[in-house]
Amino acid sequence: MSPGPSIPRVASVDVPRVVLAVDHAGVAEQLRNLLATEFDVVATVADGLALVRAVTTLQPDVVVADIVMPGMDGIAATAAILARRPTTRIVLATVHNDPELAERGYAAGALACVSKHRAGRELLPAVRAAIRGERFVGSGIGSDAGGLT
């Protein structure tokens, strides 16, 4: 009996690596679980200084960072990360529906800004856009995002 036709091997697919920075443990867990459906979440940190260290060490493809964090906020961390590693793609997340805050994030080099209130619908598309080098503006930025703080 001769062996059957050889089956071509499927090339391994590189899954983009993400570092997540959110200072609220419950929110961090929810966002991590959401991101893990499509990406390799290599670290979760709770402040901007830890984020800069994690990016330096782990060299992820994408960072998802809260704008307001202790020690160093997400906007300052964005500038620090991109000064050291300009190829990193950065997505900012916030509960604040302040378009000025988002504009400061874009000015620092972030490619996307999403409302945490709409993360279930917008975070994954925002990360995908950032990976492609495209800007993504979440629909909850500058509109009524609800009563959460």
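**Exercise 1. One helix, two faces**

Which residues of helix α1 (residues 25-35) are buried? Explain how they are arranged around the helix, then find what they pack against.

*Solution.* Note that the structure is a predicted model.

Step 1. Pick out the residues of α1 with under 20% relative accessible area, the cut-off for buried. They are Ala-28, Leu-31, Leu-34 and Leu-35.

Step 2. Look down the axis of α1. The buried residues fall within an arc of 130 degrees, so they line one face of the helix.

Step 3. Recall the geometry. An α-helix has 3.6 residues a turn, so residues three or four places apart point the same way.

Step 4. Turn to the face of α1 that points away from the buried side. Ala-25, Glu-29 and Gln-30 are exposed there.

Step 5. List the partners. The buried residues of α1 pack against three strands, β1 (17-21), β2 (40-45) and β3 (62-66), and against helix α5 (119-131).

**Exercise 2. The whole chain**

Describe the order of the elements, then the burial and the contacts of the protein.

*Solution.*

Step 1. Count the elements. The protein has 5 helices and 6 strands.

Step 2. Read from the N terminus. The order is β-α-β-α-β-α-β-α-β-α-β.

Step 3. Check burial. Of the 149 residues, 44% are buried.

Step 4. Check the surface. About 8,000 Å² is exposed, and carbon and sulfur atoms supply 54% of that area.

Step 5. Take the contacts between residues at least 6 apart in sequence. Of these, 62% join residues at least 24 apart.

**Exercise 3. Two helix pairs**

Classify the packing of α1 with α5, and of α2 with α3, as roughly parallel or oblique.

*Solution.*

Step 1. Choose the descriptors. Two packed helices are described by the angle between their axes and the distance between the axes.

Step 2. Start with α1 and α5. Their axes come within 10 Å and cross at roughly 55 degrees.

Step 3. Classify this pair. Angles under 35 degrees count as roughly parallel, and 65 to 115 as roughly perpendicular. The helices α1 and α5 are therefore oblique to each other. Their crossing is right-handed.

Step 4. Name the residues that meet. From α1 come Leu-31, Leu-34 and Leu-35. From α5 come Ala-119, Gly-120, Leu-123, Leu-124 and Val-127.

Step 5. Move to α2 (residues 48-58) and α3 (residues 74-84). Their axes are 9 Å apart, at an angle of about 20 degrees. The two helices are therefore roughly parallel. This crossing is right-handed too.

Step 6. Name the contacts again. Gly-48, Leu-51, Val-52, Val-55 and Thr-56 in α2 meet Ala-77, Ala-80, Ile-81 and Arg-84 in α3.

**Exercise 4. Two single residues**

Is Ala-65 buried or exposed? What is the phi of Gln-59?

*Solution.*

Step 1. Place Ala-65. This residue lies in strand β3.

Step 2. Read its accessibility. Ala-65 has a relative accessible area of 0%, so the residue is buried.

Step 3. List what Ala-65 touches, leaving out residues up to four places away in sequence. The partners are Ala-21, Leu-51, Val-91, Leu-92 and Ala-93.

Step 4. Take one partner, Ala-21. Along the chain, Ala-21 and Ala-65 are 44 residues apart, yet their C-alpha atoms are separated by 4.5 Å.

Step 5. Place Gln-59. This residue sits in the loop between α2 and β3. With a relative accessible area of 46%, Gln-59 is partly exposed.

Step 6. Read the backbone. Phi of Gln-59 is near 50 degrees, a positive value in a residue other than glycine. Most residues other than glycine have a negative phi.

Notes:
Residues numbered from 1 in each chain as written. Predicted model: local features only at pLDDT ≥ 70, side-chain atom pairs only at ≥ 80, totals over all residues. Heavy atoms only, no water. Buried < 20%, exposed > 50% of the residue type's maximum accessible area, 1.4 Å probe, protein only. Helix = DSSP H or I, 4+ residues; strand = E, 2+ residues; numbered from the N terminus. Arc of directions from axis to C-beta. Contact = heavy atoms within 4.5 Å. Areas by Shrake-Rupley, 256 points an atom, 1.4 Å probe, with all protein chains shown as cover. Axes fitted to C-alpha atoms, helices over the stretch in contact; angles between N-to-C directions. Parallel < 35°, antiparallel > 145°, perpendicular 65-115°, else oblique. Left-handed = near helix turned anticlockwise from the far one by under 90°.
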